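Reader: Got a minute for this one? Let's pull it up and go through it.

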Amino acid sequence: MAKAAKAPTSSGGGKAAKKKKWSKGKVKDKAQHAVVLDKPTFDRIMKEVPTFRFISQSILIERLKINGSLARVAIRHLERDGQIKPIVHHSSQLIYTRVTTASD
């Protein structure tokens, strides 16, 4: 009986010790971004985006709360109008900047 009482204290655990509870990790909330381009969002894109120094699909998604397909369409529209100019044209990441009249 003395051995049974002595064993858990020497090992620092035994049945009395609690099991480690594994954390589930941080869960990010699902974003509720717009999937249809409405008039106020379109006006905001046309006004604000050409003033951004760095323009990419990710930036538009984060700042304007629109989904990826709308961001790509908006970028193509602004490029066609000549309001932004491309910096890097990679297959999966398009990076643009604002058009400055002094450098062109």
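Reader: Start with Ala 71. Buried or exposed?

Author: Ala 71 counts as buried, because its relative accessibility is 0%. Buried means under 20% relative accessible area, exposed over 50%, and partly exposed in between, with a 1.4 Å probe and protein chains only.

Reader: Before we go on, what kind of model is this, and what are the ground rules?

Author: This is a predicted model: local features need pLDDT of at least 70, side-chain atom pairs count only at pLDDT 80 or more, and totals for chains, interfaces and linings use all residues. Residues are numbered from 1 along each chain as its sequence is written, and side-chain values use heavy atoms, with hydrogens and water left out.

Reader: Fine. Where is Ala 71?

Author: In helix H4. Helices (H or I, at least four residues) and strands (E, at least two) are DSSP runs, numbered from the N terminus.

Reader: And what is Ala 71 in contact with?

Author: Gln 57, Leu 60, Ile 61 and Ile 66, leaving aside neighbours within four places in sequence. Contact means heavy atoms within 4.5 Å.

Reader: Take Leu 60 from there. Which residues is Leu 60 in contact with?

Author: With the same sequence neighbours left out, meaning those within four places, Leu 60 is in contact with Val 49, Phe 52, Lys 65, Ile 66, Ala 71, Ala 74 and Ile 75.

Reader: Back to H4. Which of its residues are buried?

Author: Gly 68, Leu 70, Ala 71, Ala 74, Ile 75 and Leu 78. They cover an arc of only 155 degrees around the axis, so they sit on the same side of H4. The arc is that of the directions from the helix axis to the C-beta atoms.

Reader: What do they pack against?

Author: Helices H2 (39-48) and H3 (57-64), plus strands E1 (55-56), E2 (84-89) and E3 (94-98).

Reader: Now the core. Which residues touch the most other members?

Author: In the largest nonpolar core, of 15 residues, they are Ile 45, Val 49, Ile 55, Leu 60 and Ile 66. H4 supplies the largest share of this core, five residues. A nonpolar core is a set of buried Ala, Val, Leu, Ile, Met, Phe, Trp, Tyr and Cys residues joined through side-chain atoms within 4.5 Å.

Reader: What comes after H4?

Author: Gly 82, with a positive phi near 80 degrees.

Reader: Last topic, the strands. In which sense do E2 and E3 pair?

Author: Antiparallel, over five bridges. Two strands pair if DSSP finds at least two bridges between them. A hairpin of four residues joins E2 to E3, and His 89 has Leu 94 in E3 as its bridge partner.
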